[in-house]
Amino acid sequence: MNPIVELQDVHKRFGSNAVLQGVSFAIPKGQVVAIIGQSGSGKSTALRCIDRLETIDSGRITVCGHAVHDPALDIRALRKDVGIVFQSYNLFPHLTVEQNITLAPKAVKGLGAAAARAIAERTLRQVGLLEKAQAYPEQLSGGQQQRVAIARSLAMEPQVMLFDEVTSALDPQLTGEVLRVIEQLAEGGMTMVLVTHEMEFAARVADTVIYMHAGRVWETGSGAMLKDPQTPELRAFLSHGL
Ligand SMILES: Nc1ncnc2c1ncn2[C@@H]1O[C@H](COP(=O)(O)OP(=O)(O)OP(=O)(O)O)[C@@H](O)[C@H]1O
(Lines give C-alpha, C1' and ligand atoms only; values in the text may rest on other atoms or scores of the structure.)
Protein backbone atom coordinates (compact mmCIF):
# COMPACT_ATOMS: atom_id res chain seq x y z
CA MET A 1 0.00 0.00 0.00
CA ASN A 2 1.27 3.49 -0.84
CA PRO A 3 2.10 5.48 2.26
CA ILE A 4 0.00 8.58 2.86
CA VAL A 5 2.98 10.34 4.50
CA GLU A 6 6.56 9.66 3.48
CA LEU A 7 9.81 11.33 4.46
CA GLN A 8 12.92 10.30 2.56
CA ASP A 9 16.39 11.35 3.75
CA VAL A 10 15.19 14.72 5.04
CA HIS A 11 17.83 17.23 6.11
CA LYS A 12 17.14 20.52 7.84
CA ARG A 13 19.46 22.94 9.58
CA PHE A 14 18.92 26.18 11.43
CA GLY A 15 22.18 28.06 10.87
CA SER A 16 24.97 25.77 12.07
CA ASN A 17 22.50 23.50 13.93
CA ALA A 18 21.83 20.38 11.83
CA VAL A 19 18.45 19.53 13.32
CA LEU A 20 17.36 16.78 10.91
CA GLN A 21 20.18 14.64 9.54
CA GLY A 22 18.61 12.19 7.12
CA VAL A 23 15.18 11.39 8.57
CA SER A 24 13.13 8.77 6.73
CA PHE A 25 9.84 7.12 7.64
CA ALA A 26 6.58 6.20 5.96
CA ILE A 27 3.03 6.02 7.30
CA PRO A 28 0.31 3.91 5.66
CA LYS A 29 -3.23 5.30 5.64
CA GLY A 30 -5.05 4.77 8.93
CA GLN A 31 -1.93 4.23 10.99
CA VAL A 32 -0.73 6.15 14.03
CA VAL A 33 2.93 7.04 14.49
CA ALA A 34 4.29 8.43 17.75
CA ILE A 35 7.60 10.28 17.67
CA ILE A 36 9.44 10.28 20.97
CA GLY A 37 12.87 11.51 22.01
CA GLN A 38 14.81 13.97 24.09
CA SER A 39 14.14 17.68 23.99
CA GLY A 40 15.93 19.14 20.98
CA SER A 41 16.16 15.85 19.07
CA GLY A 42 14.20 17.32 16.15
CA LYS A 43 10.72 15.82 16.71
CA SER A 44 8.72 19.04 16.33
CA THR A 45 10.83 20.15 13.38
CA ALA A 46 10.12 16.85 11.59
CA LEU A 47 6.40 17.32 12.23
CA ARG A 48 6.45 20.94 11.09
CA CYS A 49 8.23 19.95 7.86
CA ILE A 50 5.33 17.60 7.03
CA ASP A 51 2.94 20.59 7.02
CA ARG A 52 5.52 22.85 5.30
CA LEU A 53 5.70 25.12 8.33
CA GLU A 54 9.44 24.62 7.78
CA THR A 55 11.11 24.13 4.41
CA ILE A 56 13.66 21.34 4.14
CA ASP A 57 17.21 21.64 2.83
CA SER A 58 17.24 18.30 1.02
CA GLY A 59 15.30 15.05 0.77
CA ARG A 60 11.71 14.39 -0.19
CA ILE A 61 8.41 14.63 1.69
CA THR A 62 5.18 13.38 0.16
CA VAL A 63 1.86 13.87 1.97
CA CYS A 64 -1.50 12.82 0.49
CA GLY A 65 0.07 13.03 -2.96
CA HIS A 66 1.51 16.52 -2.40
CA ALA A 67 5.25 16.92 -3.03
CA VAL A 68 5.92 19.00 0.08
CA HIS A 69 9.63 19.46 -0.79
CA ASP A 70 8.70 21.07 -4.12
CA PRO A 71 9.12 24.87 -4.01
CA ALA A 72 6.05 25.09 -6.28
CA LEU A 73 3.86 23.20 -3.74
CA ASP A 74 0.25 24.40 -3.48
CA ILE A 75 0.39 25.05 0.27
CA ARG A 76 -3.34 25.74 0.52
CA ALA A 77 -4.13 22.36 -1.00
CA LEU A 78 -1.70 20.65 1.39
CA ARG A 79 -3.21 22.36 4.43
CA LYS A 80 -6.71 21.20 3.41
CA ASP A 81 -5.48 17.62 3.72
CA VAL A 82 -3.40 18.04 6.87
CA GLY A 83 -4.60 19.25 10.27
CA ILE A 84 -2.15 20.28 12.95
CA VAL A 85 -2.72 20.86 16.66
CA PHE A 86 -0.12 22.52 18.86
CA GLN A 87 0.63 22.69 22.56
CA SER A 88 -0.97 26.16 22.66
CA TYR A 89 -4.58 26.04 21.51
CA ASN A 90 -4.61 29.44 19.77
CA LEU A 91 -8.38 29.84 19.92
CA PHE A 92 -9.76 33.31 19.17
CA PRO A 93 -10.86 34.62 22.60
CA HIS A 94 -13.55 36.94 21.21
CA LEU A 95 -15.30 34.15 19.27
CA THR A 96 -17.51 31.38 20.65
CA VAL A 97 -16.43 27.77 20.39
CA GLU A 98 -18.74 27.29 17.41
CA GLN A 99 -17.46 30.44 15.69
CA ASN A 100 -13.86 29.31 16.22
CA ILE A 101 -14.69 26.02 14.52
CA THR A 102 -16.75 27.37 11.62
CA LEU A 103 -14.27 30.12 10.68
CA ALA A 104 -11.98 28.06 8.43
CA PRO A 105 -14.66 25.89 6.79
CA LYS A 106 -16.43 29.12 5.76
CA ALA A 107 -13.35 31.10 4.76
CA VAL A 108 -11.26 28.35 3.17
CA LYS A 109 -13.85 25.89 1.92
CA GLY A 110 -16.57 28.43 1.20
CA LEU A 111 -19.22 26.61 3.24
CA GLY A 112 -22.45 28.40 4.06
CA ALA A 113 -23.49 29.07 7.67
CA ALA A 114 -25.76 26.04 8.02
CA ALA A 115 -23.25 23.55 6.57
CA ALA A 116 -20.43 24.99 8.70
CA ARG A 117 -22.63 24.80 11.81
CA ALA A 118 -23.44 21.15 11.03
CA ILE A 119 -19.72 20.38 10.83
CA ALA A 120 -19.08 22.19 14.12
CA GLU A 121 -21.82 20.14 15.74
CA ARG A 122 -20.37 16.89 14.44
CA THR A 123 -16.79 17.65 15.48
CA LEU A 124 -17.84 18.99 18.88
CA ARG A 125 -19.75 15.77 19.45
CA GLN A 126 -16.60 13.86 18.47
CA VAL A 127 -14.61 15.62 21.20
CA GLY A 128 -17.48 15.44 23.70
CA LEU A 129 -18.14 19.19 23.94
CA LEU A 130 -21.38 19.78 22.07
CA GLU A 131 -22.85 21.57 25.09
CA LYS A 132 -20.05 24.17 24.94
CA ALA A 133 -20.80 25.41 21.41
CA GLN A 134 -21.88 28.87 22.60
CA ALA A 135 -19.21 29.24 25.30
CA TYR A 136 -16.15 31.45 24.95
CA PRO A 137 -12.66 29.94 25.29
CA GLU A 138 -12.01 31.63 28.65
CA GLN A 139 -15.00 29.76 30.09
CA LEU A 140 -13.34 26.42 29.33
CA SER A 141 -10.60 24.44 31.05
CA GLY A 142 -7.28 23.95 29.28
CA GLY A 143 -8.25 20.40 28.38
CA GLN A 144 -11.58 21.55 26.96
CA GLN A 145 -9.86 24.31 24.96
CA GLN A 146 -7.46 21.77 23.52
CA ARG A 147 -10.38 19.53 22.56
CA VAL A 148 -11.99 22.51 20.79
CA ALA A 149 -8.68 23.06 18.96
CA ILE A 150 -8.85 19.42 17.84
CA ALA A 151 -12.48 19.87 16.74
CA ARG A 152 -11.49 22.98 14.81
CA SER A 153 -8.84 21.01 12.97
CA LEU A 154 -11.22 18.10 12.29
CA ALA A 155 -13.77 20.52 10.86
CA MET A 156 -11.56 20.91 7.79
CA GLU A 157 -11.94 17.15 7.24
CA PRO A 158 -8.22 16.44 6.96
CA GLN A 159 -6.80 13.12 5.84
CA VAL A 160 -3.88 13.36 8.25
CA MET A 161 -3.70 14.89 11.73
CA LEU A 162 -0.46 16.07 13.32
CA PHE A 163 -0.25 16.59 17.09
CA ASP A 164 2.71 18.49 18.52
CA GLU A 165 2.94 17.80 22.27
CA VAL A 166 -0.70 18.72 22.69
CA THR A 167 -0.87 17.76 26.36
CA SER A 168 2.40 19.33 27.53
CA ALA A 169 0.74 22.48 28.87
CA LEU A 170 -2.01 20.57 30.70
CA ASP A 171 -2.30 19.36 34.28
CA PRO A 172 -2.23 15.57 34.54
CA GLN A 173 -5.97 15.35 35.24
CA LEU A 174 -6.75 17.29 32.03
CA THR A 175 -4.25 15.35 29.93
CA GLY A 176 -6.37 12.19 30.05
CA GLU A 177 -9.44 13.73 28.42
CA VAL A 178 -7.38 14.99 25.47
CA LEU A 179 -5.58 11.67 25.05
CA ARG A 180 -8.95 9.89 25.04
CA VAL A 181 -10.08 12.04 22.10
CA ILE A 182 -6.89 11.18 20.20
CA GLU A 183 -7.39 7.50 21.00
CA GLN A 184 -10.95 7.62 19.64
CA LEU A 185 -9.66 9.22 16.44
CA ALA A 186 -7.15 6.38 16.15
CA GLU A 187 -9.94 3.84 16.60
CA GLY A 188 -11.88 5.67 13.88
CA GLY A 189 -9.01 5.10 11.44
CA MET A 190 -7.51 8.60 11.31
CA THR A 191 -3.91 8.72 10.09
CA MET A 192 -1.95 10.57 12.77
CA VAL A 193 1.53 11.62 13.77
CA LEU A 194 1.94 12.40 17.46
CA VAL A 195 4.98 14.08 18.95
CA THR A 196 4.56 13.16 22.57
CA HIS A 197 6.20 12.73 25.93
CA GLU A 198 3.38 10.40 27.03
CA MET A 199 5.24 7.09 26.78
CA GLU A 200 2.48 4.84 28.08
CA PHE A 201 0.03 6.43 25.66
CA ALA A 202 2.46 6.13 22.73
CA ALA A 203 3.06 2.47 23.50
CA ARG A 204 -0.66 1.73 23.66
CA VAL A 205 -2.10 3.78 20.80
CA ALA A 206 0.63 4.02 18.16
CA ASP A 207 1.06 1.37 15.49
CA THR A 208 4.66 2.53 15.19
CA VAL A 209 6.88 4.33 17.68
CA ILE A 210 9.82 6.30 16.30
CA TYR A 211 12.64 7.22 18.64
CA MET A 212 14.56 10.27 17.42
CA HIS A 213 17.97 11.14 18.75
CA ALA A 214 20.19 14.01 17.59
CA GLY A 215 18.27 14.59 14.37
CA ARG A 216 18.08 10.96 13.30
CA VAL A 217 15.60 8.11 13.58
CA TRP A 218 17.38 5.84 16.02
CA GLU A 219 14.89 3.05 16.64
CA THR A 220 11.52 2.20 15.12
CA GLY A 221 9.12 -0.44 16.32
CA SER A 222 5.75 -1.22 17.83
CA GLY A 223 4.88 -0.07 21.34
CA ALA A 224 6.65 -3.16 22.63
CA MET A 225 9.94 -1.48 21.68
CA LEU A 226 9.56 0.70 24.76
CA LYS A 227 9.62 -2.37 26.99
CA ASP A 228 12.61 -3.84 25.20
CA PRO A 229 14.80 -1.03 23.82
CA GLN A 230 17.71 -2.18 21.69
CA THR A 231 19.99 0.85 21.86
CA PRO A 232 21.66 2.31 24.96
CA GLU A 233 20.36 5.74 23.88
CA LEU A 234 16.70 4.67 24.05
CA ARG A 235 17.34 2.77 27.27
CA ALA A 236 18.85 5.91 28.81
CA PHE A 237 16.02 8.08 27.50
CA LEU A 238 13.37 5.78 28.94
CA SER A 239 15.05 5.56 32.33
CA HIS A 240 15.99 9.23 32.68
CA GLY A 241 13.02 10.76 30.90
CA LEU A 242 13.35 14.10 29.17
N1 LIG B 1 12.84 28.23 14.07
C2 LIG B 1 13.98 27.81 14.61
N3 LIG B 1 15.10 28.53 14.52
C4 LIG B 1 16.28 28.11 15.02
N5 LIG B 1 16.43 26.95 15.70
C6 LIG B 1 15.34 26.17 15.83
C7 LIG B 1 14.07 26.55 15.30
N8 LIG B 1 13.17 25.56 15.59
C9 LIG B 1 13.85 24.62 16.27
N10 LIG B 1 15.15 24.97 16.41
C11 LIG B 1 16.20 24.18 17.06
O12 LIG B 1 16.16 22.89 16.49
C13 LIG B 1 16.44 21.89 17.47
C14 LIG B 1 15.35 20.86 17.48
O15 LIG B 1 14.15 21.47 17.92
P16 LIG B 1 12.76 20.70 17.96
O17 LIG B 1 11.75 21.65 18.49
O18 LIG B 1 12.52 20.07 16.65
O19 LIG B 1 13.08 19.57 19.02
P20 LIG B 1 12.10 18.62 19.82
O21 LIG B 1 12.72 17.27 19.77
O22 LIG B 1 10.72 18.77 19.32
O23 LIG B 1 12.23 19.19 21.29
P24 LIG B 1 11.11 19.43 22.44
O25 LIG B 1 10.73 18.07 22.95
O26 LIG B 1 11.84 20.25 23.47
O27 LIG B 1 9.99 20.19 21.79
C28 LIG B 1 16.64 22.62 18.79
O29 LIG B 1 18.02 22.80 18.99
C30 LIG B 1 15.95 23.95 18.55
O31 LIG B 1 16.54 24.96 19.31
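Me: A helix here is a DSSP run (H or I) of at least four residues, and a strand is an E run of at least two. How many helices and strands does the protein chain come to?

Reply: By that count there are eight helices and ten strands in the protein chain. Keep in mind that this is a predicted model.

Me: What makes the chain as compact as a globular protein of that length?

Reply: Set one number against the other. The globule rule gives 18 Å for 242 residues, and the radius of gyration of the protein chain is 18 Å, close to that, so the chain is as compact as a globular protein of that length. Along its principal axes, the C-alpha trace spans about 55 × 45 × 35 Å. Of the 242 residues, 40% count as buried.

Me: Why is P137 called buried?

Reply: The cut-off is 20 or more other C-beta atoms within 10 Å. P137 has 20 C-beta neighbours inside 10 Å, so it counts as buried. You'll find it in the loop between helix 4 and helix 5 (142-154). Leaving aside neighbours within four places in sequence, P137 is in contact with L91, P93 and Q145. The C-alpha atoms of P137 and N90 are separated by 9.8 Å, with their places 47 residues apart along the chain.

Me: And E121, how do you know whether to call it buried, exposed or partly exposed?

Reply: Buried takes 20 or more, exposed takes 12 or fewer, and partly exposed is in between. E121 has 16 other C-beta atoms within 10 Å, so it is partly exposed. E121 belongs to helix 4 (residues 113-126). From its C-alpha atom to that of L226, 105 residues away along the chain, the separation is 38 Å.

Me: What makes helix 1 largely enclosed by the rest of the structure?

Reply: Count its residues: six of the eight are buried, so helix 1 is largely enclosed by the rest of the structure. The buried ones are K43, T45, A46, L47, C49 and I50. Just after helix 1 comes R52, with a positive phi of about 60°.

Me: How do you know which residues are around the ligand?

Reply: The test is a C-beta atom within 6 Å of the ligand. The residues around the ligand are F14, N17, V19, G37, S39, G40, S41, G42, K43, S44 and T45. Two elements give two or more residues to this shell: strand 2 (17-28) and helix 1 (43-50). Helix 1 provides the largest share, three residues.

Me: How do the residues of that shell divide into nonpolar, polar and charged?

Reply: Gly counts among the polar residues, which is worth knowing before you count. With that, the shell has two nonpolar, eight polar and one charged residue.

Me: How do you know that strand 1 and strand 2 pair?

Reply: Pairing needs at least two bridges. Strand 1 (residues 3-14) and strand 2 have nine bridges and run antiparallel, so by that cut-off they pair. For example, E6 has A26 in strand 2 as its bridge partner, and F14 has N17. These two strands form a hairpin with two residues between them, and G15 in the turn has a positive phi of about 60°.

Me: What makes strand 2 and strand 5 the edge strands of their sheet?

Reply: Four strands form an open sheet in the order 2-1-4-5, with antiparallel pairing. Strand 2 and strand 5 (66-67) each pair on one side only, and that is what makes them edge strands.

Me: Why is strand 8 called largely enclosed?

Reply: Strand 8 (residues 191-195) has five of its five residues buried, so it is largely enclosed by the rest of the structure. T191, V193 and V195 point one way, M192 and L194 the other way, and all are buried. In a regular strand, side chains alternate between the two faces of the sheet.

Me: Which strands are joined to strand 8 by bridges?

Reply: Strand 3 (residues 32-37) is joined to it by four bridges, and strand 7 (residues 160-164) by five. Both run parallel to strand 8. V32 has M192 as its bridge partner in strand 8, and D164 has V195.

Me: Which members of the largest nonpolar core touch the most other members?

Reply: Those are I50, V193 and L194, out of 68 residues in that core. Helix 6 (residues 172-187) gives the most to it, six residues. Beyond its neighbours within four places in sequence, V193 is in contact with V5, I27, V33, I35, L47, I50 and L162.

Methods: Residues are numbered from 1 along each chain as its sequence is written. This is a predicted model: local features need pLDDT of at least 70, side-chain atom pairs count only at pLDDT 80 or more; totals for chains, interfaces and linings use all residues. A nonpolar core is a set of buried Ala, Val, Leu, Ile, Met, Phe, Trp, Tyr and Cys residues joined through C-beta atoms within 7 Å. Two residues are in contact if their C-beta atoms, placed from the backbone, lie within 7 Å. The radius of gyration is taken over C-alpha atoms; the globule rule is 2.2 Å times the number of residues to the power 0.38.
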